[in-house]
Amino acid sequence: MTSMRTLPQSSPTDETPLVALRNLRVGMPAPDGGAPVIVLDGVDLTIAKGEIVGLVGESGSGKSMMALSMIGLVPPPVRVLSGSIKLEGRELIGLPERQWRSTRGGTVGMVFQDPMTGLNPVRSVGALLTESVRRHQRVDNRRALEIAEKALLAVGVPAARERLSAYPHQLSGGLRQRVMIALALVNDPKVIIADEPTTALDATIQAQILDLLRDRLHAAGGLMITHDLGVAADICDRIAVIYHGRIVEEGPTADVLRRPRHPYTAGLLAAVPHFGSRGSRLEPIPGQPPGPTRERAACSFQPRCKHARQACALAPALVASGPERRVACHNPIEEAAR
Amino acid sequence: MSAPLLEARDLSVTFATRRGNVHALDGVSLSVARGETVGLVGESGSGKSTLAMTLMCATRPTGGTIHFDGREIGHLPQRALRAVRRRLQIIFQDPYASLDPRMKVRRIIAEPLVAHRFGSRAEIAARVRELLEAVGLPPDAADRLPSQFSGGQRQRIAIARAIALSPDLVIADEPVSALDVSIQAQIINLLQDIQQRLGMAYLVIAHDLPLVHQIADRIVVLYLGRVVEQGPAEQITARPLHPYTAGLLAATPTVDGTGRERLVLRGDPPSPINRPSGCPFHPRCPAAQDRCRTEAPALEPQPGGRAVACHFPGSVAPPLAHLLDA
């Protein structure tokens, strides 16, 4: 039997984390009144000040719903069923809409995947920025424009003053994403949530934006949501791997990628081509990711797992597995560096 | 020595728009030998999808020639293309858009067989069963609609349709980029297995350099409608000669703990409407000199079956060779 120590809630010397998600459950009642459809099933995650945490998962894993929960924008009929999201100790779940409005774009900055749909197309860059500044800070329009220009300069937009009068469609994809990052940062947020911020971008532009995000997210604290392990490896201090609405593995980025303990993490790593894999066959994960209606009594990865055993008929808890590591698996991969 | 299966020479495609002419392809030459896998890499605006459409004769070239098995096809009338299409097939990126949602899988896969008079109804039915098995789908898949399948399974259906007539060349335009990470490897392996059994050539178009490096014998790098570098896959990634290839390699995040190289190309790719003078890459090139601003370099052969279009080849090279020894 593997040891089953549970992780202490938080060691007493810890200061209050920047962000703490505790047992977050998100879902919706089934249309026919049956069992509810669960999208996030008891997620625990913390982000420390100055830390970038990567949330890695495939489509349907619940990763984007986690971002939406953190900004109070879970689309009905989906809703937060239970659990807690604290920002510097302050509970966000159950906030009235008026207070969410001062949180979003204020203390919580957001960057989305597609800068074309993430930016209002009928507003100039200057209008988008100054509106956000004036919603969250008591300044006049002239001062707001100065802040807006500084925000554009800080994210490397050339000719920032002229760009203030440009509209999103007049900018290249890379510039649009810089504008969206400026918008996320303009009110000095405490935490920034970036959902697939480079997925729509070309490789050379992605590299530019990752460099920018690495600098800027470290200044506050950030959650980086991505399907791409390479992107997570590039800028995240810690990563959490999410599968079927549950975190299955978590730990320091390099450690998790070098010594994955959950068979799903190991499977993802073996399935992705890298420059050393030429000539050898890729090892795909058989089957496909489960949908949200799939039964949750057993380990969700069991049907695709080559390490599955009898115990896997009961879903494993996310427990400590070595220093700073957590894994939810009855039969984790033992220490053997990749 | 046998002629290549597909040979495009000096291919140009120009679209007239209100804002001016777009030179989507500007003198592209490329060849694919029988049974070979060529990987075509480029970013958005590089012209890679226009090239796919032009090679399929869905877009006609404004200049240059395309020879397929020795015959010029770039300017053939539509009717004469039928015989070519039988041997030249394509797989698209989005398996949700490329399969007719109202057609049962049986009909989707049988469509090319019927169009090219493959045989009797019984022969076609038998061939559909054989194809489903070849792409790893159960026989009862034939009676279902595309909407009843996941993205990966739909791409299997598209592959079955593409190989139905045993083509000599399959063009795959971003065949896995719409799929989940855990599914991509299934499809990559399937494409490789099918090639091993049937021996067709592939032209794989992708933005993902590690993917192309995984499956291609040769890599062709496209930038702003021009081939800037081509050669054997291991050599291109181990020792890129063009600064753009080096930049693309350096920009690729890796999971093997080595981290990304710290060479970051500045700026965006320019628009194909306002092409820079001289070398199209010079505004972003860390090694550009005066000559590059005025004189466009030609694609010149290099030792080892390589070619590069650069006045100063090899001047920007991230030390990536260690990744290949790992």
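In this predicted model, residues 319-326 of chain B have pLDDT under 50 throughout. For that stretch the model has 16 contacts beyond four places in sequence. Chain B as a whole averages a pLDDT of 90, and 94% of its residues score at least 70. The model scores are ipTM 0.86 and pTM 0.88.

**Where the chains meet**

The contact between the chains takes 38 residues from chain B and 39 residues from chain A. On the side of chain B that touches chain A, five helices each supply at least two residues: α6 (181-198), α7 (209-215), α8 (233-238), α9 (243-251) and α11 (321-325). The largest share comes from α6(B), with 8 residues. By type, this side of chain B divides into 17 nonpolar, 15 polar and 6 charged residues.

**The nonpolar core**

The largest nonpolar core holds 188 residues. Ala182(A), Leu169(B) and Val204(B) touch the most other members. Helix α7 (residues 173-185) of chain A gives the most to this core, 8 residues. In soluble globular proteins, nonpolar side chains tend to be buried together.

Take Val204(B). Beyond four places in sequence, the residues touched by Val204(B) include Thr37(B), Gly39(B) and Leu40(B). Ala172(B), Pro175(B), Val212(B), Ile215(B) and Ala216(B) are also among them.

**A helix inside chain B**

Helix α5 of chain B runs over residues 151-163. At 1.5 Å a residue, its 13 residues should span 18 Å. The end C-alpha atoms are 19 Å apart, which agrees. Of the 13 residues in α5(B), 12 are buried, so the helix is largely enclosed by the rest of the structure. The buried residues include Arg154(B), Arg156(B) and Arg161(B), as well as Ile157(B), Ile159(B) and Ile163(B). What covers the buried residues of α5(B)? The cover includes the strands β6 (88-91) and β7 (169-173) of chain B. The helices α3 (105-115), α4 (121-134) and α6 of chain B are also part of the cover.

**Strands and a helix in chain A**

Strand β2 (residues 37-47) of chain A is mostly covered, with 8 of its 11 residues buried. Strand β1 (residues 19-28) of chain A pairs with β2(A) in the antiparallel sense, over 8 bridges. In this pair, Val19(A) stands opposite Ile47(A).

Val256(A) sits in helix α10 (residues 253-258) of chain A. Val256(A) counts as buried because 28 C-beta neighbours lie inside 10 Å. Setting aside neighbours within four places in sequence, Val256(A) is in contact with Ile239(A), Glu249(A), Gly251(A) and Thr265(A). Arg238(A) is 18 residues away along the chain, and its C-alpha atom is separated from that of Val256(A) by 8.5 Å.

**Backbone points to check by eye**

The peptide bond from Pro76(A) to Pro77(A) is cis, with omega near 5 degrees. Pro77(A) lies in the loop between α1 (63-70) and β4 (79-87) of chain A. Two residues other than glycine have a positive phi:

| Residue | Phi | Loop | C-beta atoms within 10 Å |
|---|---|---|---|
| His244(A) | about 55 degrees | between β9 (238-243) and β10 (246-252) of chain A | 25 neighbours |
| Glu174(B) | near 50 degrees | between β7 and α6 of chain B | 20 others |

Are these residues buried or exposed? His244(A) counts as buried, with 25 C-beta neighbours inside 10 Å. Glu174(B) is also buried, with 20 other C-beta atoms within 10 Å. The cut-off for a buried residue is 20 or more.

Definitions and conventions
Residues are numbered from 1 along each chain as its sequence is written. Chains are lettered from A and ligands numbered from 1 in the order in which they are written. This is a predicted model: local features need pLDDT of at least 70, side-chain atom pairs count only at pLDDT 80 or more; totals for chains, interfaces and linings use all residues. pLDDT is the predictor's confidence in each residue, from 0 to 100. Two residues are in contact if their C-beta atoms, placed from the backbone, lie within 7 Å. A nonpolar core is a set of buried Ala, Val, Leu, Ile, Met, Phe, Trp, Tyr and Cys residues joined through C-beta atoms within 7 Å. Helices (H or I, at least four residues) and strands (E, at least two) are DSSP runs, numbered from the N terminus. Ala, Val, Leu, Ile, Met, Phe, Trp, Tyr, Cys and Pro count as nonpolar, Asp, Glu, Lys and Arg as charged, and the others, Gly among them, as polar. The expected span of a helix is 1.5 Å times one less than its number of residues. Two strands pair if DSSP finds at least two bridges between them.
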